[in-house]
Amino acid sequence: MSSKGLKPTKRKDNESSEKPDAKKPKLPPNTIQNQKPKAFGNNNDKGVNLSKKERRVQAKELTEARKKRRKPHYTLEQELATLWEKMRRRDIGKEDRLKLISEALLKMKGKMHEIAVSHVSSRVLQTCLKYCSQAEKEVVYKELHPHFLSLSSNTYSVHVLKKMLDGASKQQLSACISSLRGHVAALLRHMVGSVVVEHAYHLGNAAQKQELLGELYSTELQLFKDLNSTSEKRVVDIIAKLGLQKGFVNRHMTAIIQPILEKGIVDHTITHKLLIEYMTIADKTSAAFVIQQLSGPLLIRMVHTRDGSRLAMLCIKHGSAKERKKIIKAMKTDDNISHVGSIASDQYGSMVLACIFSLVDDTKLITKIIVRELEANLKNLVMGKNGRRPLLQLLHPNSSRYFSHDDLASLDLSVPSLCLMDKSEAKDSDDKESAEEAKDEQEDTVTEQSGLEEIVAVAGSKKDPLVRRQELLVKSGLAERLIDVCVENAEEFLKSNLAKEVMYEVAVGGCDGILLPTLSEKLGELYEAIASVAAEPKPEESEKGSQHILEDFHSNRTIRRLVLDSPTFASILFNKALSGKCRSWAQGHCSKILAAFLETQDLQVREMAKGELQVLVNEGALKIPETKKP
């Protein structure tokens with residue numbers, strides 16, 4: 001039986017080798033396999049020999065035929081693409097564009113929900129929504145609204161929905177947000193669907209935002225719309241008002257948050273709000289899980305929003321030394337691309353850097369990753385509204401003059417469950433930290449890897465704040481570089497409404513005189529630079545241009561503060577720029593600077609200027625308010 005079974009195979013091989021011209025099985029007529037031999041064959045049948053151009057045309061026709069079979073609206077998509085190329089041009093007239101849009105919408109009528117999921121045609125619909133009339137927008141809305149949920153999860157139609165929401169009326173927006181009811185949590189776990197929820201959250205009013213958030217807090221708020229109230233926005237207040245069980249709410253929010261963090265969908269403000277509210281009711285284990293999940297690259301993607309930056313500060317405050325290290329290292333990617341500059345220039349990200357400077361004890365790691373990046377762009381940071389904040393936090397920590405009440409409140413936030421550590425546990429962590437502190441001077445970041453890793457709630461730092469500031473400012477070389485930048489741009493900084501604050505703090509040596517006496521010589525160079533600019537001749541009234549540094553609104557007031565608070569600067573300024581010229585400067589804004597020499601508490605400075613200024617006071621040329629006399 002086995003030999004019989006092998007015979008057909010052997011005979012087949014012999015047949016193929018001995019009879020190469022044996023007939024092959026016939027293929028069905030009119031197939032692509034039959035057409036290829038005809039196109040490339042060498043026989044001389046009529047119409048078989050094709051040129052290269054003809055073969056390309058034939059291949060193109062076959063491709064078009066396949067696309068028509070695969071795509072039901074292929075011909076329509078081709079027509080829409082042609083119209084789109086015309087309507088999206090910048091040099092087209094408004095009326096011509098409206099005609100093309102009306103023609104395109106007419107062709108799409110009844111098929112818009114299918115067109116919206118197409119890679120090409122969805123762009124046509126976006127352009128139509130951008131430029132069409134309000135009546136046409138309503139037509140598009142009526143067709144797409146019944147399919148709003150299904151379109152929310154499509155990669156291409158999500159952009160169409162965003163355009164539709166941008167141009168929607170209040171009633172249409174409310175209807176779209178209501179259609180999301182019961183599906184918000186599921187969409188937030190979807191990479192594409194979360195974009196639609198975020199866009200609706202961004203456009204909605206306070207009540208609509210609370211409606212979207214309420215579904216994430218509790219099942220009751222999802223089922224009963226009337227329970228949502230704008231008066232109680234915080235989840236703690238909602239639990240107290242409705243009498244909900246805190247444990248049940250915690251479990252419900254945990255079930256929603258855990259997959260979101262595991263998938264890394266943390267770029268949206270609604271997610272940041274959800275997480276910051278969750279931390280207010282989470283138990284110690286749950287809060288520690290969130291901190292552990294976020295510590296790293298995920299957190300860097302969140303610092304650009306108010307709630308995201310606050311969440312980052314909570315992670316820094318309560319995270320272990322290992323988690324803090326991960327957060328700081330995530331600011332510099334493996335490709336050696338640093339995010340420190342963009343974070344420092346951001347309104348909320350700058351406060352995260354200020355928090356790191358205030359709490360993290362590993363100053364060597366901060367210097368390596370953050371301080372070195374700040375040094376490379378100091379001028380722009382000093383001149384920027386947000387970039388100067390981390391610098392001011394080092395020079396004068398937690399000053400209400402430079403930080404708003406909201407900024408200071410965010411630095412003082414904490415997680416309730418992680419603050420309730422046993423006193424004995426906290427004492428043990430202090431003992432472990434102090435034991436490792438002696439080794440920190442010899443080994444890099446030993447303290448950060450010590451027994452503190454076992455404690456989730458560090459709740460601050462163990463190093464003396466003054467010592468930390470000294471290491472970050474003076475020992476790192478940041479202060480010296482900052483003084484050099486101030487010397488190079490003395491006039492520009494003093495005349496700037498933003499940079500003048502940094503200039504003042506540097507010139508007085510910082511809070512607690514942190515720059516003194518180490519950098520006294522460098523500060524002397526700064527005083528000389530300011531005095532040199534002030535010693536320039538007073539411009540004539542007929543001359544147009546920038547004001548003199550002693551007459552400019554911002555620089556005048558900064559110099560006056562320096563005269564009152566820095567006797568060394570006051571002496572250099574008077575001797576180099578004002579001595580013998582006080583009468584010519586007694587009028588205008590400069591009179592405030594001259595009066596400051598007589599108002600200062602430093603006796604030596606007052607006596608130095610009194611001889612020349614008292615004459616002007618007696619003559620009435622210089623006036624000193626009674627309340628400001630020393």
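1. How many helices and how many strands does the secondary structure of the chain come to? In this predicted model, the chain has 39 helices and 0 strands.

2. The record supplies some annotation for part of the chain. In an unreviewed entry, UniProt lists residues 107-142, 143-178 and 179-214 under "repeat: Pumilio". For residues 107-142, the span is 72% helix and 0% strand, and its end C-alpha atoms lie 16 Å apart. For residues 143-178, the corresponding figures are 69% helix and 0% strand, with 17 Å between the end C-alpha atoms.

3. On burial and surface, the chain contains 630 residues, of which 46% are buried. The area exposed by the chain is about 33100 Å², and 50% of that area is supplied by carbon and sulfur atoms.

4. On contacts along the sequence, those between residues at least 6 apart were considered. Of these contacts, 70% join residues at least 24 apart in sequence.

5. Two arginine side chains deserve comment with respect to aromatic rings. The charged end of Arg88 is placed over the ring of Trp84, at 4.4 Å from the ring centre. Arg561 lies over the face of Tyr504, and here the distance to the ring centre is 3.6 Å. Each of these arrangements satisfies the criterion that CZ of Arg be within 6 Å of the ring centre and within 35 degrees of the ring normal.

6. Pairs between aromatic rings form a separate point. The count for the model comes to 2 aromatic pairs, where the centres of paired rings lie within 6.5 Å.

Conventions:
Residues are numbered from 1 along each chain as its sequence is written. This is a predicted model: local features need pLDDT of at least 70, side-chain atom pairs count only at pLDDT 80 or more; totals for chains, interfaces and linings use all residues. Side-chain values use heavy atoms; hydrogens and water are left out. Rings of Phe, Tyr and Trp (its six-membered ring) pair if their centres lie within 6.5 Å; planes under 30 degrees apart count as stacked, over 60 as edge-to-face and the rest as tilted. Helices (H or I, at least four residues) and strands (E, at least two) are DSSP runs, numbered from the N terminus. Buried means under 20% relative accessible area, exposed over 50%, partly exposed in between (1.4 Å probe, protein chains only). Contact means heavy atoms within 4.5 Å. Accessible areas come from the Shrake-Rupley method with a 1.4 Å probe; for residues, only the protein chains shown count as cover. UniProt positions are given in the numbering used here, feature names are shortened, and annotations may be inferred rather than shown by experiment.
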